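Notebook open, coffee poured. I'm going through this one piece by piece and jotting down what I look up.

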Amino acid sequence: MNKAEFVEFVKDAGKYSSKKDAETAVNAFVGAVEKALSKKKSIELVGFGKFETVLQKGKSGKVPGSNKTYKTSDKYVPKFKPGKSLKDLVAKK
């Protein structure tokens, strides 16, 4: 499902009067999540899940087929952990 399809889905599910209102709601939610995660804050929606940032450790490895090696640095990445209600709902089907 792409963003346009999701906005239409939100319009129907949220009973918004127009597609523009639904898109505003989707953009507001996405923007709020991005802003919170960029500040390293977590968002917990009980029953739905938890959005958080976690530190991903750097790693080193070898490029296949050559003797070249590489090393990546530590970085923060977004993570989503689904809640029990969401897990149960998805597992039904």
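Which residue follows H1, and what is the sign of its phi? I looked: Lys15 follows H1, and its phi is positive, near 55 degrees. A note to self before going on: this is a predicted model.

**Entry: the two positive phi values**

I stayed with Lys15 for a bit. Lys15 has that positive phi of about 55 degrees although it is not a glycine. I placed Lys15 in the loop between H1 and H2. Its relative accessibility is 74%, so I put Lys15 down as exposed, given that the cut-off for exposed is over 50%.

Lys40 went on the page too. Its phi is near 60 degrees, again a positive value in a residue other than glycine. I found Lys40 in the loop between H2 and strand S1, which covers 43-45. Lys40 is partly exposed, with a relative accessible area of 46%.

**Entry: the start of H1 and the loop after it**

Next I checked how H1 begins. Asn2 caps the N-terminal end of H1. I noted a side-chain oxygen of Asn2 at 3.2 Å from the backbone nitrogen of Ala4.

Then I went back to the loop between H1 and helix H2 (19-38), where Ser17 lies. Ser17 is exposed at 67% relative accessible area. What does the side chain of Ser17 make a polar contact with? I found the side chain of Asp21 as its partner, at 3.2 Å.

**Entry: Val7**

Is Val7 buried or exposed? I got a relative accessible area of 2% for Val7, so it is buried, the cut-off being under 20%. Val7 is found in helix H1, residues 3-13. I listed its contacts, leaving aside neighbours within four places in sequence: Lys19, Ala22, Glu23 and Val26. For Ala22 I also wrote down the spacing: Val7 and Ala22 are 15 residues apart in sequence, and their C-alpha atoms are 5.9 Å apart in space.

**Entry: salt bridges**

How many salt bridges does a search of the whole structure find? I came away with two. A reminder for the margin: side chains of opposite charge can pair when their charged atoms come close.

I took Lys84 and Asp88 to begin with. Their side chains meet in a salt bridge at 2.9 Å, N to O. Why are Lys84 and Asp88 separated by about one helical turn? Because they are four residues apart in helix H3, residues 84-91. The textbook bit I scribbled alongside: an α-helix has 3.6 residues a turn, so residues three or four places apart point the same way. I have Lys84 as exposed, at 62% relative accessible area, and Asp88 as partly exposed, at 38%.

Then I turned to Lys50 and Glu52, whose side chains meet in a salt bridge at 4.0 Å, N to O. The 4.0 Å sits right at the cut-off, which is within 4 Å. I noted Lys50 as partly exposed, with a relative accessible area of 27%.

Glu52 deserved its own few lines. I found Glu52 in strand S2, residues 49-56. At 18% relative accessibility Glu52 counts as buried, because the limit is under 20%. What does Glu52 touch, not counting residues up to four places away in sequence? I wrote down Leu37, Ser42, Val77, Pro78 and Lys79.

**Entry: a nonpolar patch**

I scanned the surface for nonpolar patches. One is formed by Phe29, Val30, Leu45, Phe48 and Phe80. Together they have about 400 Å² of accessible area. I picked Phe80 for a closer look: it is in strand S5, residues 75-82. At 34% relative accessibility, Phe80 counts as partly exposed.

**Entry: domains**

Last lookup of the day. The domain assignment gives domain 1 as 1-38 and domain 2 as 41-92. How far apart do the C-alpha centres of domain 1 and domain 2 lie? I noted 24 Å. For the contacts across, I have four residues of domain 1 meeting seven residues of domain 2.

Terms used. Residues are numbered from 1 along each chain as its sequence is written. This is a predicted model: local features need pLDDT of at least 70, side-chain atom pairs count only at pLDDT 80 or more; totals for chains, interfaces and linings use all residues. Side-chain values use heavy atoms; hydrogens and water are left out. Buried means under 20% relative accessible area, exposed over 50%, partly exposed in between (1.4 Å probe, protein chains only). Contact means heavy atoms within 4.5 Å. A polar contact is a pair of N or O atoms within 3.5 Å; within protein, one must be able to donate a hydrogen and the other to accept it, and residues adjacent in sequence count only if both atoms are side-chain atoms. Patches are made of residues with over 30% relative accessible area and no salt bridge: like charges are joined within 9 Å, nonpolar side chains (Val, Leu, Ile, Met, Phe, Trp, Tyr) within 5 Å. Accessible areas come from the Shrake-Rupley method with a 1.4 Å probe; for residues, only the protein chains shown count as cover. Domain bounds come from an automatic or database domain assignment.
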